[in-house]
Amino acid sequence: MNAETNIFAGLDMARLDKRRRRINRIMLSLTAVATLFAVIPLFWITIYVIIKGGSYLNLDLFIHLPQAMGTEGGGVLHAIEGSAVMVLFASIFAIPPALLAAFYLLHHPNTPLANFLRFSTDLLSGIPSIVVGLFGYAVIVIVQKHYSALAGSVVLAIIMLPVILRSAEEMLKLVPQELREGALALGSPEWKSALTVVLPAAAEGVVTGIMLGIARAAGETAPLIFTALGNDNYEIFQYIRQTIQYRQGVGEAFKLILEQPTDALPLTLWKYAQQPYPERVQQAWAVALVLMLFVLSLNIAARLWLAKRRRQRYG
Amino acid sequence: MPEKQTIKIDIRDVSVHYGTFQALTGVSMPAYENKVTAIIGPSGCGKSTLLRSINRMNDLVPHFRIEGTVTLDGEDIYAPRRDVVDIRRRIGMVFQRPNPFPMSIYNNVAYGPRLYHIRSKNVLDEIVERSLRQAALWEEVKDKLHQSGLSISGGQQQRLCIARAIAVQPEVILMDEPASALDPIATLKIEELMHELKKNYTIIIVTHNMQQAARVSDYTAMMMLSDSESRSGTVIEFDETERIFTNPKDKRTEDYVTGRFG
Amino acid sequence: MPVSESLPPHKAQKRTPPALWVALRHGDALWDALLWLSAALTTVLVFWIGWKLWVDSALSRAATGWDFVSPWAPPSWNPVLDKFHAWPAIYGSLVTSLIALLVATPFSIAVAIFLAELAPSRIRQILNYMVEMLAAVPSVVYGLWGIYVFLPLVVVPLGKFLGATLGQVPGLDVFFGGTIPDSGLSRLGASLILVLMITPTIAAVTRDVFQAIPQSQREASLALGATQWETTWRVLIPYGLSGILGAVILGLGRAIGETMAVTMVIGNTTGGGWSILRPGYTMASIIANEFAEAVSGMHTAALVEIGVVLFVITFLLNLFSRYLVWRVNRKVIVR
Ligand SMILES: Nc1ncnc2c1ncn2[C@@H]1O[C@H](COP(=O)(O)OP(=O)(O)O)[C@@H](O)[C@H]1O
Ligand SMILES: [Mg+2]
């Protein structure tokens, strides 16, 4: 060593190192504890909902309409059907424009419109869903002068749109450029190669995005409060039977299904949760269980499926 | 070199696995105090693996496994209760690509000392200046110590990384192809630096540049993939650099240093 | 070399049909138009929403002006007098979101550190799933569980404790004064539910930020003898700061916009003073709770104007997080 001073000369290195090691251990353990705490609610909620909801779950719930307030029995068939109808129509409204817009981003990644689109998609996904509900109220409920499944579907579609669009964009980008060019080189038009080559190649990712969008829409309550409103007597099979019986057209059936106030599982859950009748609160727990099962299994399925397909593809 | 040499680092019969893949087999070589030892060999033969085993950097790699011993001043660095942090302070490392932190030049150099609760501005100023001087960077950056470490050229960044490494006064400095990402002028600077640095430090440098090894090192270890089934790397010859380049014992070394390899 | 020269003569000479006709036959013009239309409509949608809210809140804006959002205007949310000042709801949103953020941020960063830097790969996989699940639980379910489990078991005891300690400190008693209702319905309850709801969001984004930091940064620090914690604290967190801030902004947006769970546990009243132990309203919850029943045009317009405030906040937060992303990208390019 030359004449340079030892910077650690005055320090008790062994003690210092011991202290640093201790701080290291403590802080790292704290992150583990924090993680433990963060996942506790998942178990707490899930287990509680399973136990509580499970004990009130019965077949009636799925096959009957609600009874009058304060009486036992009855079910939430109206809400199950309403949720199914609104999520289905929301998907129909949201998926095509989301995928087409994603293709736009794929083909024209750097145009001003593309950048603007990305910005407004981000913004759209950040807007509180209750605000989307206000919009649905203004442009559909006010215009039609009544609450409806249609209005509910439209607001749910607006909520699904950014979820699907973003994941579709990501997934389409992963499709190798050569695949698309290969199809074009064979003389296939752009739209054909997009729909028959690129889209199938990205299918699992796109479907995952759609599943996540559906899961998100199925759990939404806030925007439905003043678009779908709720309707204890909503029963689509009844409507279908009725139209057949009176020999009305398909249009009439659609009108009955889409053009009147409708209930949804999360909406029912919200209303039942705060009522003074214990039967209703019990049903709220059962509904919570159904809703959790649906949303979480859709989520898990989507992610597991994507992970599995990725593994298959990339070894 | 007639004088008596002290062995600073001793690698004995080291084998390394990454999971089921064997990267090194039976590597043995010393590194003498205040000398520059070069490790040369074709790419993929395990030079980086060997180097990173010396300061236990490979501990970060999942499924990394090592057999054999590596000693620093005769102490096994893989001994069960050995403190990695202490080893890494005593054995510094400079990486292939310059990797300064996205903070000021000053803070980059002061990073290490501050870990040891050295906070006095005077002391830190002194350490920073001395380290930058030793890394032959002081004159170029003394007026912009508070600019980002990323704002200087690649060659300067690499010398900044060297300054950062020597700020904690390690005993050994490991360099993994420190000049491979640099232009010839910057490379020359780093090579000149090496001659200065070895007065204070023991240096082990990986390079695939034959001339560089010949220019800067006192000893050279020649690594090669073994011909056996496993295709794992090993040191086939270790000697004074002069000997390796003029009169190698192994035919493969001769082929390699004369460019007849492959 | 011009392409035509390389073509066989008979092809080059063939009469080319009009471009439009070819394009239409192949459908590509139509396809392009369709893509453009979808992109344009999607882009416009969000601005249409903002514009529609703006127009529909005209009545309230004209009647109340800036007093609507002013903390100094006399508090009034009175459907009988048709006089609406939104400050109590704005205060409720701010206080619940800020408390939630204050608690959730350090907590989430710790979770992210564990997920990105420490957890062994198998546990990490499972924990990642759990974090995703937590973010996916519908907010009504959080609300239901909140009312019947979380409020009585956690919020009420904690509220009593805070009231007995901080509530007695002069100065702090403004925020911790009064007693928490036996039901637990309170701003505190809403804040804590929000903590649970935004932690997974912030943690997941922060985890991704950590994972995007080059390994060379970790190695540089560890090679100097830093411990893993020192490396995380002094290198990784500063390196990812913009990204982490972005995650926090995202969490803030979630907290302010969260409706159902908050509506179910906050008690829904325009009173409540400043104390977090008392029930109140947030902007989202007042809309959820009153809009369907609002009778007068002014009441409706006032609720829509609250929607405008929410929209503007979302817009600003989004701009800010864009700016952060832009900064992160710039840093990556410099490297
Ligand atoms: N982290 C790792 N995991 C698995 N294999 C690795 C890892 N690092 C290096 N290897 C393998 O070990 C062998 C030696 O690599 P390396 O030490 O980087 O060689 P060199 O530095 O001589 O080019 C190579 O076959 C490489 O693929
Ligand atoms: Mg290497």
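**Figure 1. Helix 1 of chain B gives the most to the shell around ligand 1, contributing 3 residues.** The model shown here and in the other views is predicted. The residues around ligand 1 are B:Tyr18, B:Phe21, B:Ala23, B:Ser43, B:Gly44, B:Cys45, B:Gly46, B:Lys47, B:Ser48, B:Thr49 and B:Val61. Sorted by class, this shell holds 5 nonpolar, 5 polar and 1 charged residues.

**Figure 2. Oxygen atoms of ligand 1 lie beside polar atoms of B:Cys45, B:Ser48 and B:Thr49.** At B:Cys45 the partner is a polar backbone atom, 3.3 Å from an oxygen atom of the ligand. At B:Ser48 the partner is an N or O atom of the side chain, and the distance to a ligand oxygen atom is 2.7 Å. The side chain of B:Thr49 likewise places an N or O atom 2.5 Å from an oxygen atom of ligand 1. On its own, ligand 1 has 560 Å² of accessible area, and the protein covers 61% of that area. Strand 2 (21-32) and helix 1 (47-54) of chain B are the elements that give two or more residues to the shell.

**Figure 3. Strand 9 of chain B pairs with strand 3 and with strand 10 of the chain.** Strand 9 covers residues 219-225, and 6 of its 7 residues are buried, so the strand is largely enclosed by the rest of the structure. Buried here means under 20% relative accessible area. With strand 3 (residues 36-40), strand 9 pairs in the parallel sense over 4 bridges. Within strand 9, B:Met222 stands opposite B:Ile40. With strand 10 (residues 233-240), the pairing is antiparallel and runs over 7 bridges. B:Met223 has B:Val235, in strand 10, as its bridge partner.

**Figure 4. A:Thr268 is a buried residue in helix 12 of chain A.** The helix takes in residues 265-273. What is the relative accessibility of A:Thr268? The value is 1%, so A:Thr268 counts as buried, the cut-off being under 20%. The side chain of A:Thr268 makes a polar contact of 3.0 Å with the side chain of A:Asp263.

**Figure 5. Chain A has 13 helices and 0 strands.** Read from the N terminus, the order of elements is α-α-α-α-α-α-α-α-α-α-α-α-α. The C-alpha trace spans about 105 × 65 × 40 Å along its principal axes. The radius of gyration of chain A is 27 Å, whereas a compact globule of 315 residues would have one near 20 Å. Of those 315 residues, 54% count as buried.

**Figure 6. Chain C has 16 helices and 2 strands.** Along the principal axes, its C-alpha trace spans about 95 × 65 × 35 Å. Chain C has a radius of gyration of 27 Å, against a value near 20 Å for a compact globule of 335 residues. Buried residues account for 54% of the 335 residues of chain C.

Key. Residues are numbered from 1 along each chain as its sequence is written. Chains are lettered from A and ligands numbered from 1 in the order in which they are written. This is a predicted model: local features need pLDDT of at least 70, side-chain atom pairs count only at pLDDT 80 or more; totals for chains, interfaces and linings use all residues. Side-chain values use heavy atoms; hydrogens and water are left out. Buried means under 20% relative accessible area, exposed over 50%, partly exposed in between (1.4 Å probe, protein chains only). Two strands pair if DSSP finds at least two bridges between them. A residue is near a molecule or strand if one of its heavy atoms lies within 4 Å of it. A polar contact is a pair of N or O atoms within 3.5 Å; within protein, one must be able to donate a hydrogen and the other to accept it, and residues adjacent in sequence count only if both atoms are side-chain atoms. Accessible areas come from the Shrake-Rupley method with a 1.4 Å probe; for residues, only the protein chains shown count as cover. Ala, Val, Leu, Ile, Met, Phe, Trp, Tyr, Cys and Pro count as nonpolar, Asp, Glu, Lys and Arg as charged, and the others, Gly among them, as polar. The radius of gyration is taken over C-alpha atoms; the globule rule is 2.2 Å times the number of residues to the power 0.38.
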